[in-house]
Amino acid sequence: KYVETPCGVALKEGLQPMMKRLEAKAAVADFSRAKGFLEEKVEKAVSEWATMEVRDKKGLSTELKTNVWGVNVSSTDIEISAISILKVGFKLNDLFDISVDEGRNAVTITLPEPQILSHEVYPKVDKLEVGWMREVQDEDFNKNFNLLRREFRADAINSDIMAKAKQEAVELMDLMFSPVVASLNRRYKL
């Protein structure tokens with residue numbers, strides 16, 4: 001008959017959290033390999049400069065109904081909230097130019113138009129009450145997540161965030177490059 005020693009119990013309990021993490025990592029790797037996700041991984045160099053970040057929170061409430069012969073027999077209530085982190089700035093690999101005009105004593109830095117560089121949305125289901133004849137499908141959640149994502153982007157695009165990104169870029173360029181330009185020649189302006 002096998003009897004665990006105190007040392008064996010301590011070792012087992014000490015290694016248990018690490019074993020759980022390894023199991024979780026293996027499950028992700030197995031699923032990714034099975035779906036062919038590993039072949040979809042792409043790495044490339046980017047040169048971006050984010051000057052503004054917008055954090056926002058939105059939510060929605062929706063009711064899914066099951067009708068039989070035009071009569072509502074069951075409904076599901078879903079409440080979803082989401083946090084959005086949106087960064088606006090400049091893709092420097094598209095355009096970044098520094099030119100010197102000796103006749104005007106000017107140094108000009110040219111950037112592309114600002115754009116949304118990244119947008120992360122973290123949705124959370126706050127309430128889910130499933131009716132007795134209603135199944136909730138993945139597309140029910142995805143449709144609502146995508147609706148929130150579109151609303152976050154639309155709010156950002158319709159706001160003055162692009163103008164603020166430009167203004168912030170002007171101020172930061174002045175802060176970073178004015179001392180360099182002045183060291184070249186005091187008459188030069190950025």
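Here are a few friendly notes on this predicted model, with places to look as you turn it on your screen.

1. Start with the aromatic rings. The model has one aromatic pair, made by W49 and F90. Their ring centres are 6.0 Å apart, and the planes meet at 40 degrees, which makes the pair tilted.

2. Now ask what this pair ties together. W49 belongs to strand β1 (residues 48–68) and F90 to strand β2 (residues 71–91), so the pair links parts that are 41 residues apart in sequence. Both W49 and F90 are buried.

3. Stay in strand β1 and find T51. Is T51 buried or exposed? Its relative accessibility is 11%, and buried means under 20%, so T51 counts as buried.

4. Next, look at what surrounds T51. Setting aside neighbours within four places in sequence, T51 is in contact with V88, G89, F90, A165, E168, A169 and L172. You have already met F90 as a partner of W49 in the aromatic pair. With A165 there is also a polar contact to find: the side chain of T51 reaches the backbone oxygen of A165 at 3.2 Å.

5. Finally, move along to the hairpin of β3 and β4. Strand β3 (residues 97–101) pairs with strand β4 (residues 106–110) in the antiparallel sense, over five bridges. Where the hairpin turns, D101 stands opposite A106 in β4. Four residues lie between the strands, and in this hairpin N105 takes a positive phi near 55 degrees.

Methods: Residues are numbered from 1 along each chain as its sequence is written. This is a predicted model: local features need pLDDT of at least 70, side-chain atom pairs count only at pLDDT 80 or more; totals for chains, interfaces and linings use all residues. Side-chain values use heavy atoms; hydrogens and water are left out. Rings of Phe, Tyr and Trp (its six-membered ring) pair if their centres lie within 6.5 Å; planes under 30 degrees apart count as stacked, over 60 as edge-to-face and the rest as tilted. Helices (H or I, at least four residues) and strands (E, at least two) are DSSP runs, numbered from the N terminus. Buried means under 20% relative accessible area, exposed over 50%, partly exposed in between (1.4 Å probe, protein chains only). Two strands pair if DSSP finds at least two bridges between them. A polar contact is a pair of N or O atoms within 3.5 Å; within protein, one must be able to donate a hydrogen and the other to accept it, and residues adjacent in sequence count only if both atoms are side-chain atoms. Contact means heavy atoms within 4.5 Å.
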